[in-house]
Amino acid sequence: MDLSELKKIPVILDGDPGHDDAIAWMLTKASPVFDILAVTSCNGNQTIEKTTNNALRVCTLLGIDAPVARGLDRGLLTDPIPAGNIHGQTGLDGPALPEPGMELSQLGAVRLMAKALQESEEPVTIISTGPQTNVAALLLAHPELKSKIARISMMGGGIAYGNWTPAAEFNILVDPEAAVVIFNSGIPVQMCGLDVTEQALIFPEDFERIRAVGNQVAVVVAEWLEFFYKFHREIGYAGAPVHDACAVASLLHPEMFTIRDLYVQVETTGEYCRGMTIADHYGVTGKAPNVSCVLGLDRQAFADLLVEAVKAYDGWEVRV
Ligand code: RIB
Ligand code: CA
């Protein structure tokens, strides 16, 4: 089939790049299936100033030519929780990146997302790889646009355990109230929580397969993985968990993943469990499933997908 005839999936990328966000965006741009309408930064692993700067640089590196807008600088009811121990002081430490090759949109994230939805003929998929503040603010400000959203594919949560507290995963903990808005929105939600993303390990030998592809993006991705692995190696991981790329890969290749529809809610109070995502495994609430929970994956196929994806950047290079 001629790829130019393919009906594309319009997407908005909302994230806090971040090494694994950047790799998720690399995978999105590499696939002819997606049409990136807009990119929005969110407060997450670093301040909104830093994640916005990183978003501009990553889009420049990857040749993403969609408008980029700055997101909200804190959660709906919460203060930021920087994660410099994982992604470094810039939020994306490691290889040198190009200076931003585009201007930041005059619109803020919520207004840019609303505009992209209003102008799209097809319902749009939102790929959320950070705290869900911007997406929740969009839904609160523009409930009339819900029907323009095909689904929200998100990295966040985990129905077995947390990583920032024993109960809560980072993206949800940063803004649990935003996650409640998403989960109760009635929009199809696909959640890649820690259950799957901690199986999405890219091993050091995979870094070398990626580096060996040899183009500029491949080399940068290999270095991002090396940086991201440093922290995880120290706490016993066999590879770098590329959490956020699952939110893209599970759309592209659902057959690689184990997915189960469950009723999921978010704990917003509680001394120990704020930010926890709780799934009704046995249907005891009698509530209909509201989330497609991605629970497992074929690790080798996922690693191979990333190696193939960087090949799409052969012949593309920007000045750093
Ligand atoms: O808990 C994993 C999430 O937090 C990912 O989105 C990753 O980018 C990190 O900041
Ligand atoms: Ca992220």
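Let me start at ligand 1, where a polar side-chain atom of N171 lies 3.0 Å from one of the ligand's oxygen atoms; please keep in mind throughout that this is a predicted model. E169 also takes part through its side chain, with a polar atom 2.4 Å from an oxygen atom of ligand 1, whereas T129 contributes a polar backbone atom, which is 3.1 Å from an oxygen atom of the ligand. As for how far the ligand is enclosed, the protein covers 95% of the 280 Å² of accessible area that ligand 1 has on its own. The residues around ligand 1 include those three, N171, E169 and T129, and among the others are D20, D21, N45, H87, H243 and D244.

Let me now turn to the sheet. It is an open sheet of eight strands with mixed pairing, and if you follow the strands across it, the order reads β3-β2-β1-β4-β5-β6-β12-β9. At its edges are β3, residues 68–69, and β9, residues 257–262, each of which pairs on one side only. Within the sheet, β4, which spans residues 124–128, and β5, which spans residues 149–155, pair in the parallel sense over five bridges, and in this pairing T125 stands opposite R151 of β5.

Two helices can be placed against these strands. Helix α1, residues 19–30, packs on the sheet, where it touches β1 (9–15) and β2 (34–41), and its direction makes about 165° with that of β1. Helix α4, made up of residues 109–119, lies across β1, β2, β3, β4 and β5, and it runs at about 160° to β2.

Notes: Residues are numbered from 1 along each chain as its sequence is written. Chains are lettered from A and ligands numbered from 1 in the order in which they are written. This is a predicted model: local features need pLDDT of at least 70, side-chain atom pairs count only at pLDDT 80 or more; totals for chains, interfaces and linings use all residues. Side-chain values use heavy atoms; hydrogens and water are left out. Two strands pair if DSSP finds at least two bridges between them. Helices (H or I, at least four residues) and strands (E, at least two) are DSSP runs, numbered from the N terminus. Contact means heavy atoms within 4.5 Å. Axes are lines fitted to C-alpha atoms, for helices over the stretch in contact, and angles run from 0 to 180 degrees between N-to-C directions. A residue is near a molecule or strand if one of its heavy atoms lies within 4 Å of it. A polar contact is a pair of N or O atoms within 3.5 Å; within protein, one must be able to donate a hydrogen and the other to accept it, and residues adjacent in sequence count only if both atoms are side-chain atoms. Accessible areas come from the Shrake-Rupley method with a 1.4 Å probe; for residues, only the protein chains shown count as cover.
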